Protein chains: 2
Amino acid sequence: MAKGASISGFPEWLPSERVVEQKVIDTVREVFELNGFIGIETRAVETGASLLKKGETSKEIYLLSRLQEVGAENDTPVADRLGLHFDLTVPLSRYVVENSGSLTFPFKRWQIQKVWRGERPQEGRFREFVQADIDVVGNGDLPAHYEVELPLVMVSALERLRPLGLPQATVHANNRRLSEGFYRALGLTDVEGVLREIDKLDKIGAAEVLALLVAECGATEDQARGCLDLASLTATDGDGLRSGFEALCARYGIESGTAEHGMALEGLDALAMVVDGAARIRPGSVVADLKIARGLDYYTGSVYETFLDGAEQLGSICSGGRYDNLASQGARRYPGVGLSIGLSRLVSYMLHTAGAHASRISPAAVMVAVWDESSRDASNAIAQTLRSRGIAADVSPKASKLGKQIHYADRLGIPYVWFPAAAAADGGDRDEVRDIVTGDQREADVTSWCPDTVVARQTITLER
Amino acid sequence: MAKGASISGFPEWLPSERVVEQKVIDTVREVFELNGFIGIETRAVETGASLLKKGETSKEIYLLSRLQEVGAENDTPVADRLGLHFDLTVPLSRYVVENSGSLTFPFKRWQIQKVWRGERPQEGRFREFVQADIDVVGNGDLPAHYEVELPLVMVSALERLRPLGLPQATVHANNRRLSEGFYRALGLTDVEGVLREIDKLDKIGAAEVLALLVAECGATEDQARGCLDLASLTATDGDGLRSGFEALCARYGIESGTAEHGMALEGLDALAMVVDGAARIRPGSVVADLKIARGLDYYTGSVYETFLDGAEQLGSICSGGRYDNLASQGARRYPGVGLSIGLSRLVSYMLHTAGAHASRISPAAVMVAVWDESSRDASNAIAQTLRSRGIAADVSPKASKLGKQIHYADRLGIPYVWFPAAAAADGGDRDEVRDIVTGDQREADVTSWCPDTVVARQTITLER
């Protein structure tokens with residue numbers, strides 16, 4: 001990481017690292033567009049009122065004030081002040097409502113932007129990071145098949161990042177109605193409270209969560225154990241999910257036919273559809289995992305988290321869910337489903353754990369040497385011809401000794417050095433080009449020469 | 001513009017408009033990379049101390065405060081608070097100093113990011129906008145040829161935007177030392193003050209600037225007239241520039257041999273080099289225009305502004321210059337030269353004046369129809385095969401009547417609709433694809449069919 005990470009939580013990459021991040025961004029964008037998602041960008045700021053409406057991250061907002069207002073910030077209520085967005089879902093909801101008349105629904109959009117969270121700095125937590133989101137938002141209603149398809153788009157995007165050092169990813173899905181119905185059938189009413197505690201399972205373990213459910217959510221020990229038993233259910237198909245759930249209901253004396261059990265079954269059916277639907281297209285990519293709770297409280301149906309094989313310590317690298325009530329305008333609702341990749345954390349893993357590195361720092365495939373400053377125009381003209389043919393070219397900064405010029409190219413990883421004819425090293429009258437790795441040097445024509453296709457572009461390789 | 005521009009000065013584009021902005025960003029990035037510039041991204045925030053160091057925009061900074069700190073913001077001095085960057089040059093200087101040990105110099109970098117200025121909202125002024133920058137920064141010294149080459153890279157990037165509705169661009173160059181030497185030779189000492197007033201010429205006219213020079217900068221009327229006469233000098237080559245300047249010196253009794261005249265001549269030589277050097281490579285692209293002053297006071301040599309033929313009312317759309325003292329570490333200096341395109345304003349012009357619009361909103365070239373929800377898997381499989389061949393594909397949101405499905409594709413501008421075989425409209429057993437503009441429909445094989453190359457990708461066209 002750049003030493004420039006001199007403000008804690010605000011990462012910056014060195015140029016060679018940025019090549020990897022840029023490649024990740026370009027790759028996921030390409031997958032999103034192949035799938036017909038439409039790119040938008042929203043402003044970085046929202047009103048305090050909009051940011052504070054939903055979700056527990058409301059406490060982590062950065063508010064803005066103009067320098068001229070310093071000292072008078074608090075004359076304006078927080079709701080009317082501007083703050084930086086902490087995700088891309090809240091801005092999307094606002095954008096959809098404001099522009100509903102101009103959009104075609106269902107509106108499939110991708111968005112890759114920075115978000116900011118004013119958290120206390122702690123290890124591995126970024127205060128500024130890049131998110132890569134896809135969402136589908138309906139006008140009034142939204143077909144359930146998107147709850148199967150969207151996690152699969154993310155899986156195919158993550159699959160494309162495997163050559164950059166990303167381990168295999170598995171989406172873990174749950175359904176809020178399944179959890180809520182079961183909790184209520186157990187006799188619990190503080191559903192949000194229970195979800196909040198269950199969300200801490202990976203961090204603090206079952207014993208502590210049990211204690212919290214009793215202390216904070218009014219659960220008996222038996223009810224709390226029921227919540228934990230539900231959270232321990234996993235399944236790779238709908239049948240397994242169903243039988244596991246039935247066994248649990250039997251154990252806790254939950255009878256069918258009640259409204260609570262009906263709600264749970266609704267969620268169960270939706271979750272079975274997600275897991276079975278995904279298995280038909282990409283077996284093993286999505287599993288049912290009933291401990292998935294999600295911190296944000298705007299989710300109403302499917303919820304997703306994604307873990308990397310052998311890198312579970314990273315936590316979920318791609319999360320989301322279905323939200324039916326986030327956006328509305330009068331009686332009109334805009335239900336949506338979406339997932340978000342926490343891209344900066346992924347890039348950090350690729351760079352520092354998987355050893356991803358750029359084949360070169362410079363995008364240039366060739367550096368044109370300069371024999372003396374009076375012939376710089378000739379070198380520039382050669383570079384310009386190469387560029388017009390789509391070959392990225394740099395020109396030596398100085399007409400210094402040849403060794404120094406080659407050293408500059410070498411430090412940037414530029415694979416070829418071009419020697420203009422007039423004063424070529426051997427006094428020849430044709431241009432020559434040298435492969436500075438092999439040392440191979442041969443005559444070349446600027447209107448037809450092409451770099452080896454393998455080295456023509458920056459690529460990412462893994463250290464072994 | 002999206003109605004979502006509901007916060008004054010924070011523009012947002014509709015999806016069709018975003019296609020144009022994205023194309024502009026992709027195009028200038030491609031040109032920057034073809035020229036061997038290295039992409040970096042810096043964090044959005046800097047310390048107040050860093051932001052307040054230079055430049056008159058210091059008054060337009062947005063400061064941040066965490067929500068938890070509301071009410072206690074002023075316990076922290078402004079210098080220690082965080083603020084959003086107002087340009088990409090100040091962050092670059094900081095990045096270069098912090099990472100100097102890891103960079104190869106001269107460091108050629110491109111950077112396309114949002115910047116924020118907390119200005120009072122006024123017509124056409126954005127508070128959040130995208131800048132596209134290139135800079136070259138040296139370690140200790142920086143060859144002068146970059147002062148010729150960088151404006152030309154920008155000209156070639158702007159040239160590539162002509163098909164998107166951008167008029168021809170001309171770079172107007174000046175040199176700070178030329179102006180300063182001349183002002184001092186006239187007997188003026190408040191050089192920054194004079195530059196600040198001269199910078200207002202286009203806005204308020206010569207008469208008012210003359211009055212301000214007298215009132216604010218301690219100039220006599222004759223001295224002020226000298227400054228205005230210098231500002232009215234333009235030339236398309238070094239010889240013309242020299243003779244114009246000599247005539248001016250004669251008129252104001254400025255003799256050669258003095259330190260002030262020497263400084264002016266230094267600047268004159270540098271400016272002549274820029275104009276003549278550019279003319280050899282791209283005639284007419286760079287002219288000498290001695291009224292160019294630039295608001296930011298970190299420039300020390302060449303300064304540039306860029307105007308569009310017939311759209312001068314936009315002001316400069318690409319500005320910059322050489323700065324020798326912005327970045328330093330102990331005795332070590334990092335001189336740089338760079339230019340910045342104000343990209344959001346350009347996009348606004350293309351959309352609203354030039355009539356640029358996207359050939360379609362969706363990146364998808366084809367939409368696969370769905371005969372009934374039970375056969376959605378088959379439609380998804382077809383789309384997946386097309387995507388694996390690099391053809392962007394969407395799938396109909398619902399198995400509604402065919403007319404409704406085609407209407408969805410049509411609204412998004414998707415040019416082809418794919419009919420899966422099993423239940424093709426005519427009961428046939430082969431897939432068919434329809435061009436929904438011509439109505440032409442024919443059998444197609446998902447493993448070999450290709451869209452017409454003209455409509456395979458989103459393109460930008462101009463309304464006539």
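These questions and answers go through a sheet and several residues of a predicted model.

The model is predicted: local features need pLDDT of at least 70, side-chain atom pairs count only at pLDDT 80 or more, and totals for chains, interfaces and linings use all residues. Residues are numbered from 1 along each chain as its sequence is written, chains are lettered from A and ligands numbered from 1 in the order in which they are written, and side-chain values use heavy atoms, leaving out hydrogens and water.

Visitor: Which strands are the edge strands of the open sheet in chain A?
Guide: Strands are DSSP runs (E, at least two residues; helices are H or I, at least four), numbered from the N terminus, and two strands pair if DSSP finds at least two bridges between them. The nine-stranded sheet has mixed pairing and the order β1-β5-β6-β14-β11-β10-β7-β9-β8. Pairing on one side only marks the edge strands, β1 (38–39) and β8 (234–235) of chain A.

Visitor: In which sense do β7(A) and β9(A) pair?
Guide: H172(A) stands opposite V287(A) in β9(A). Three bridges link β7(A) and β9(A), and the sense is parallel.

Visitor: About what angle does helix α5 of chain A make with β7(A)?
Guide: Helix α5 (residues 176–186) packs on the sheet, touching β7 (169–175) and β10 of chain A. Contact means heavy atoms within 4.5 Å. Axes are lines fitted to C-alpha atoms, for helices over the stretch in contact, with angles from 0 to 180 degrees between N-to-C directions. For α5 and β7(A) the value is about 45°.

Visitor: Are the residues on the two faces of strand β9 of chain A buried or exposed?
Guide: Buried means under 20% relative accessible area, exposed over 50%, and partly exposed in between (1.4 Å probe, protein chains only). In a regular strand the side chains alternate between the two faces of the sheet. In β9 (residues 286–289), V286(A) and A288(A) lie on one side, V287(A) and D289(A) on the other, and all are buried.

Visitor: What is the length of the polar contact between the side chains of D135(A) and R109(A)?
Guide: D135(A) is found in strand β6 (residues 128–137) of chain A and counts as buried because its relative accessible area is 2%. A polar contact is a pair of N or O atoms within 3.5 Å; within protein, one must be able to donate a hydrogen and the other to accept it, and residues adjacent in sequence count only if both atoms are side-chain atoms. For D135(A) and R109(A) it is 2.9 Å.

Visitor: Which residues of chain A is Q22(B) in contact with?
Guide: Q22(B) lies in helix α1 (residues 15–34) of chain B and is buried, at 12% relative accessibility. Leaving aside neighbours within four places in sequence, its contacts are R29(A) and W110(A).
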